[in-house]
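Hello,

As promised, I am handing over the structure, and my notes on it follow below. Please have it open beside you as you read.

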Amino acid sequence: MSATLAVGMTSTAIAAPATVPAAAATSVYNQPPKEILDVMRAAAPPSPSLSPTRDRLMLVTMQDYPSIAKVATPFLRLAGVRIEPGNRSQHDTPGGYGIPPCVSAIDLVQVDGGKQTAVKLPADACPRRPVWSADGQRFAFENITSDAVELWVGDAKTGAVRRLPGVRLNQMFGDQLQWMPDQKTLLVKQVAARKAPPAAPPGSDGPGIQESLGEKGQSSTYENRDTLRNRHDEELFNYYGTSQLALVDAASGKITPVGKPGLYEELSVAPDGHHVVVTEIRPPYSYVTTFDRFPKQIDLWDLTQRAGKDGNPVVREIAALPLADRVPNRGVPVGPRNFSWRPTDAATLTWVEALDGGNPNVKAAERDKLMVLKAPFTSAPVEITRTEQRMANLQWSEQPGVALLSDYDVNRKWLRTWLLNVDDAQNSRRLIWDQSSDEKYANPGQPVHRRLANGFPVIRQEGDTIFLSGAGSSPDGDRPFLDKFNLKTQQTERLFRSSKTSYEQFIGFAGNDTRHLLTWFQSPEDTPNAFVRTVGASTTAAAGEPGYASTSVALTHLVDPVPQVREIKKRLVKYKRADGIDLSFTLYTPPGYKEGTPLPTILNAYPLDYADASKAGQTTGSQATFTRLRQYRLLLLSGYAIIDSAAFPIVGDPRKAYDTYTEQLVANAKAAVDEAVRLGVTDPNRVGVTGHSHGALMTANLLAHSDLFRAGAATSGSYNKSLTPFGFQNERRSVWEAPEVYTKASTFFYADKLKTPLLIVHGGDDANPGTTPLQSVKLFEAIRGNGGVTRLVMLPHEPHWYAARESNEQLVYEMLRWFDKYVKNAPAATTAPAAAAQ
């Protein structure tokens with residue numbers, strides 16, 4: 001069977017089932033029924049973006065699905081970047097998670113009064129998400145056209161937008177657009193090359209040669225077809241990666257080039273607006289790894305100085321980093337990394353360096369050190385502090401010198417945070433939080449930030465008090481909150497928490513008064529909308545709630561685009577695994593469901609790894625969100641119940657948790673199905689299972705190792721783990737160290753036992769490490785060769801997550817067709833399975 005199996009085709013000359021239109025056996029795209037299409041094509045609710053000055057709320061509506069014509073636009077694969085040569089836009093997000101979507105609408109809402117202004121976007125525009133200026137007066141965005149990535153700016157008061165002529169942005173390495181600290185100027189990466197790209201007559205690219213001289217290099221797995229292959233690829237990488245840095249005046253559009261063209265990756269501007277840390281990619285390149293591990297030259301520029309002899313205004317070299325193609329799994333490259341400027345200083349640079357060679361497997365008393373270099377940058381950098389584990393985060397407060405420093409133990413999955421005063425000569429620090437990174441119920445949340453006039457984010461601080469906002473996971477599901485936290489006493493005061501029957505998130509403060517909050521409110525019946533909530537207002541707290549109180553007033557009034565979906569009901573269900581671990585799922589029932597009626601049911605899950613069984617059982621997610629239907633959830637409109645987001649913990653020491661992977665998968669699935677049956681919702685003889693990526697491997701393994709399900713649908717999975725030999729998920733050992741673990745986790749090696757019907761779907765251009773499309777092709781061939789029932793659907797041009805409207809409609813069509821035949825309308829369970837495709 002060819003790897004280019006047409007969408008909708010069965011193996012060789014098999015006729016389509018009688019219940020499926022003849023079109024299903026052709027290469028055209030299929031569609032699900034109209035009642036499903038109407039929901040799929042309805043506009044998505046917008047997402048809010050509060051201005052840095054907190055006086056305007058931007059509502060950004062994203063296009064749900066681009067056309068297949070857009071997804072099929074030709075692109076080049078250059079060292080981990082997929083670039084469209086016609087306009088220099090990134091064709092795919094890093095890791096292959098889909099075509100960056102276009103913005104379909106932008107609305108500006110005044111926080112005081114609620115006046116709403118629609119931004120008039122250009123006809124046939126494909127804007128990216130706008131970026132606010134720190135003064136809240138303007139916003140900027142990229143607009144993707146067929147031949148350029150344009151730069152546009154908008155007026156926050158009027159909503160008027162205009163293109164800045166003469167600017168063609170280069171998206172190759174990111175950082176192509178950022179506001180300078182004056183908030184009047186933009187630093188951009190412009191397309192530099194104007195001549196034709198390097199041509200390669202057939203056969204002239206020469207051999208692709210790699211060599212290893214005995215040194216170990218257990219780096220992460222990369223998909224070889226997206227790394228460079230030969231000399232011509234290197235030439236294309238240089239051509240399309242080269243940018244000209246420039247300053248663009250947002251008012252006049254004046255363009256001032258800075259330095260000479262180069263392969264510029266990261267740009268970090270100091271608060272003074274003059275100094276910039278510039279990371280430039282240098283040869284020699286690697287055919288093994290992607291551009292982020294290529295050699296780097298890191299220099300400090302001064303934009304007020306004249307260019308030196310090399311054409312750039314370099315005032316100091318920070319580092320010349322070598323090729324990092326042998327970084328261990330979960331390790332870091334040697335040398336300076338994670339550069340940041342101290343927000344409250346004009347020009348004080350910090351970075352992190354590994355003390356253990358970047359190798360987490362090396363025993364070391366301390367793993368990282370924090371370095372600082374102050375203007376005028378003529379002295380040696382100074383070490384500020386060290387961390388026992390890998391430094392995870394450094395967040396600056398608006399009070400000079402005060403920061404929160406975190407480190408992370410990858411083996412224990414443990415996170416610690418200290419209060420640090422970098423101006424203290426003793427570099428004193430005090431432990432604030434010390435807990436498992438898997439801890440959800442006691443998670444303190446994240447500090448609330450505000451932007452300084454120079455555009456830098458800082459932790460909002462009032463005296464000794466900061467504010468914390470979090471998901472608020474609880475046994476009842478997620479209930480977002482806002483707290484006050486005293487850094488001295490470490491006492492917490494709760495200001496707001498979402499109710500149990502709704503899902504309300506803190507967006508930011510309304511203006512400068514911290515008593516007035518902006519929230520994003522939704523419930524299963526209520527469309528997401530913005531509210532202004534006043535904390536401490538004289539209203540009575542709901543029964544069973546803490547004593548904090550508030551009142552709220554709607555700021556926006558968005559309407560429900562698909563009211564028919566409100567007939568769907570959902571609830572949080574909690575239960576236990578056989579070994580006592582607490583589990584949960586969200587149970588959806590279709591419109592018109594009558595309690596006690598057993599239904600055909602689809603289970604969806606994604607296994608997660610935990611070091612601590614007590615944390616594995618914590619409930620996350622919420623049944624109180626506004627119900628939206630995508631992919632498998634759309635089957636609710638055809639009479640299915642859905643066991644959604646079922647907890648599937650893989651519990652154990654992270655260094656060997658996968659020793660019992662399949663046993664834990666089956667235990668998780670059995671507990672979920674048994675509970676849904678006990679509730680009277682699920683017919684035990686009509687249950688299907690589906691999952692994506694690691695969830696696809698779960699799906700295939702559950703069919704191979706249990707008899708709980710009548711059919712499965714696996715999308716974009718990795719079924720032969722020996723093809724990712726240096727680790728997968730949290731498995732640290734290589735296939736040579738634990739061959740039995742890799743074999744046991746790989747459905748491919750159990751294809752002879754997989755007799756339950758399995759639908760396999762994969763994106764033809766999947767660039768996600770480990771989930772090459774070959775994984776699905778080979779599993780299909782293995783099941784078919786062993787007489788199993790299977791169907792392979794390769795979606796042309798699609799990455800790891802499917803982007804195009806046509807592809808997503810095909811996916812739902814395939815799932816509905818498959819589950820209708822093998823689950824909803826399946827014969828009695830004792831009936832022998834249908835003959836395999838030949």
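**Strand β32 and its partners**

Strand β28 (residues 446-447) runs antiparallel to β32, and two bridges join them. Before I go on, please keep in mind that this is a predicted model. Within the pairing with β28, Pro 447 is the residue that stands opposite Leu 468 of β32.

β32 has further partners. Strand β31 (residues 461-462) pairs with β32 over two bridges, again in the antiparallel sense, and here Gln 461 sits opposite Ile 466. β31 and β32 form a hairpin with two residues between the strands, where Gly 463 takes a positive phi near 65°. Strand β33 (residues 481-486) is also antiparallel to β32, with six bridges between them. In that pairing Gly 470 of β32 faces Phe 481 of β33.

How much of strand β32 is buried? Five of the six residues of β32 (residues 465-470) are, so the strand is largely enclosed by the rest of the structure.

**Helix α6**

Next, have a look at helix α6, which covers residues 694-705. With 12 residues at 1.5 Å each, the helix should span 16 Å, and its end C-alpha atoms are indeed 16 Å apart, so the two values agree.

α6 is mostly covered, as 11 of its 12 residues are buried. The buried residues are His 694, Gly 695, Ala 696, Leu 697, Met 698, Thr 699, Ala 700, Asn 701, Leu 702, Leu 703 and Ala 704. And what covers them? The elements involved include the helices α5 (661-678) and α7 (739-745), together with the strands β41 (599-605), β45 (682-692), β46 (711-715) and β47 (758-763).

**Val 573**

A single residue that I would like to show you is Val 573, which belongs to strand β39 (residues 569-576). Its relative accessible area is 6%, which is under the 20% cut-off, so Val 573 counts as buried. Leaving aside neighbours within four places in sequence, Val 573 is in contact with Leu 583, Ser 584, Phe 585 and Leu 587, and also with Glu 675 and Leu 679. Ala 672 is 99 residues away from Val 573 in sequence, yet the C-alpha atoms of the two are 9.3 Å apart in space.

**Backbone points to check by eye**

Most residues other than glycine have a negative phi, and most peptide bonds are trans. A few places in this model depart from that pattern.

- Pro 283 and Pro 284 are joined by a cis peptide bond, with omega at about 5°. Pro 284 lies in the loop between β17 (275-281) and β18 (296-302).
- The bond from Ala 375 to Pro 376 is cis as well, and its omega is near 10°. You will find Pro 376 in the loop between β22 (368-374) and β23 (382-387).
- Gln 631 is not a glycine, but its phi is positive, at about 50°. This residue is in the loop between α4 (613-616) and β43 (641-646).
- Ser 645 also has a positive phi of about 50° without being a glycine. Ser 645 is part of strand β43. Is Ser 645 buried, partly exposed or exposed? Its relative accessibility is 47%, so it counts as partly exposed.

**Cavities**

Finally, the empty space inside. Searching the whole structure turns up four cavities of 30 Å³ or more.

The largest cavity holds about 150 Å³ of space. Its lining is made up of 17 residues, and those that lie nearest the centre are Val 39, Ala 42, Val 562, Arg 628 and Leu 629. By type, the lining of the largest cavity has 12 nonpolar residues, four charged and one polar.

The second largest cavity has a volume of about 50 Å³. Which residues line it? They are Arg 56, Leu 108, Val 109, Gln 110, Lys 115, Thr 117, Ala 156 and Lys 157. Strand β6 (residues 103-110) supplies the largest share of this lining, with three residues. The lining of the second largest cavity divides into three nonpolar, three charged and two polar residues.

I hope these notes help you find your way around.

Best wishes

Notes
Residues are numbered from 1 along each chain as its sequence is written. This is a predicted model: local features need pLDDT of at least 70, side-chain atom pairs count only at pLDDT 80 or more; totals for chains, interfaces and linings use all residues. Side-chain values use heavy atoms; hydrogens and water are left out. On a 1 Å grid over the protein atoms alone, a cavity is a set of points where a 1.4 Å probe fits but cannot get out, and a pocket is an open set with protein on both sides within 12 Å along at least five of seven lines; lining residues have an atom within 4 Å of a point. Grid points are joined across faces, edges and corners, and a volume is the space filled by probe spheres set on the points. Ala, Val, Leu, Ile, Met, Phe, Trp, Tyr, Cys and Pro count as nonpolar, Asp, Glu, Lys and Arg as charged, and the others, Gly among them, as polar. Helices (H or I, at least four residues) and strands (E, at least two) are DSSP runs, numbered from the N terminus. Buried means under 20% relative accessible area, exposed over 50%, partly exposed in between (1.4 Å probe, protein chains only). Two strands pair if DSSP finds at least two bridges between them. The expected span of a helix is 1.5 Å times one less than its number of residues. Contact means heavy atoms within 4.5 Å.
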